[in-house]
Amino acid sequence: MTSNTLNINRADIDTDATEQFKTQAKRLRKALAARDVSISHASSLELLAQSHGYRDWNTAIAMARRNIPTNVADLGIGKRFAGSYLGHAVTGLIRSVTATPVGGVFRVEVHLDEPVDVVESKRFSGYRQRIASRINEHCEPVLTNGRSGPGLSIDLLLRDADSV
């Protein structure tokens, strides 16, 4: 049920940006090979993404498609999103977004496409599909006081399946 990669349809991603990143990753792999450093293509994609300041390859491609960072003002009820929750790559539907009494902190409720295990124990599991979390104006996870913390990050908004 849990996954470390996003399952985003190709129609959701800008092919030009994807191809540009892939070309850069090939050049990186070739340059490293010239220095007797052998890495896989997947590793070169991950290294390229991190060199651009992204968490991973999926996030880099998602943000390249968007060309602007996600902002809380972009969010809305019924919009689809991709992001991460407690270390799991997730996609889902935004159910609500409300301001909290703490300036710059918002409460967002989402319904995930696939439930994620929020327990780090080998003895039992705790799957969640509908979650509420606090985010800042840049859609990054924060605690109730507004300080950075664990939780949900909304990295990009996806196209609706009906509009593709």
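Ser-84 of strand S1 has Ser-153 as its bridge partner in S5. The two strands, S1 and S5, run antiparallel and are joined by six bridges. The model in which this pairing appears is a predicted one. Strand S1 spans residues 80-85, and five of its six residues are buried.

On the S5 side of this pairing, Asp-155 is also part of the strand. Its relative accessibility is 13%, so Asp-155 counts as buried, the limit being under 20%. The side chain of Asp-155 makes a polar contact of 2.3 Å with the side chain of Arg-55.

S1 has a further pairing, with S2. These two strands are antiparallel and share six bridges. Tyr-85 is matched with His-88 of S2 as its bridge partner. The hairpin formed by S1 and S2 has two residues between the strands, and Leu-86 in this hairpin adopts a positive phi near 50°. As background, most residues other than glycine have a negative phi.

Strand S2 covers residues 88-99, and Ser-96 is one of its residues. Is Ser-96 buried or exposed? Its relative accessibility is 17%, and therefore Ser-96 counts as buried. When neighbours within four places in sequence are left aside, the contacts of Ser-96 are Ile-77, Arg-107, Val-108 and Glu-109. Arg-107 appears again in the pairing of S2 with S3, where Thr-98 stands opposite Arg-107. S2 and S3 are antiparallel and pair over seven bridges. The hairpin between S2 and S3 has five residues between the strands, and Gly-104 there takes a positive phi near 80°.

Strand S3, residues 105-117, in turn pairs with S4 in the antiparallel sense, over nine bridges. Two positions illustrate the register. Val-108, one of the contacts of Ser-96, has Ser-133 of S4 as its bridge partner. Val-110 stands opposite Ile-131, also in S4. In a regular strand the side chains alternate between the two faces of the sheet.

These pairings can now be put together. What is the order of the five strands in the sheet? The sheet is open, its pairing is antiparallel, and its strands are arranged as S4-S3-S2-S1-S5. S4 (127-136) and S5 (152-158) are the edge strands; each has a single partner strand, so one side of each has no neighbour in the sheet. On average, neighbouring strands of the sheet are turned by 40° against each other, with direction ignored.

The loop between S4 and S5 contains Cys-139. This residue has a positive phi, near 65°, and is not a glycine. Cys-139 has a relative accessibility of 1%, so it counts as buried.

A residue with a positive phi is also found in the helical part of the chain. Asp-36 has a phi of about 60°, a positive value, although it is not a glycine. Asp-36 sits in the loop that lies between helix H1 (15-34) and H2. Is Asp-36 buried or exposed? With a relative accessible area of 76%, Asp-36 is exposed, whereas Cys-139 is buried.

Helix H2 itself runs over residues 41-51, and its buried residues are Ser-44, Leu-45, Leu-48 and Ala-49. Why are these four on the same side of H2? They cover an arc of only 135° around the axis, and that places them on the same side of the helix. Just after H2 comes Gly-53, with a positive phi of about 90°.

For the protein as a whole, the secondary structure amounts to three helices and five strands. Along the sequence the pattern is α-α-α-β-β-β-β-β. The protein has 164 residues, of which 39% are buried. Among contacts with a separation of 6 or more, 52% are between residues 24 or more positions apart. The exposed area is about 9,800 Å², and carbon and sulfur atoms supply 48% of that area.

Technical notes
Residues are numbered from 1 along each chain as its sequence is written. This is a predicted model: local features need pLDDT of at least 70, side-chain atom pairs count only at pLDDT 80 or more; totals for chains, interfaces and linings use all residues. Side-chain values use heavy atoms; hydrogens and water are left out. Two strands pair if DSSP finds at least two bridges between them. Axes are lines fitted to C-alpha atoms, for helices over the stretch in contact, and angles run from 0 to 180 degrees between N-to-C directions. Buried means under 20% relative accessible area, exposed over 50%, partly exposed in between (1.4 Å probe, protein chains only). Contact means heavy atoms within 4.5 Å. The arc is that of the directions from the helix axis to the C-beta atoms. A polar contact is a pair of N or O atoms within 3.5 Å; within protein, one must be able to donate a hydrogen and the other to accept it, and residues adjacent in sequence count only if both atoms are side-chain atoms. Accessible areas come from the Shrake-Rupley method with a 1.4 Å probe; for residues, only the protein chains shown count as cover.
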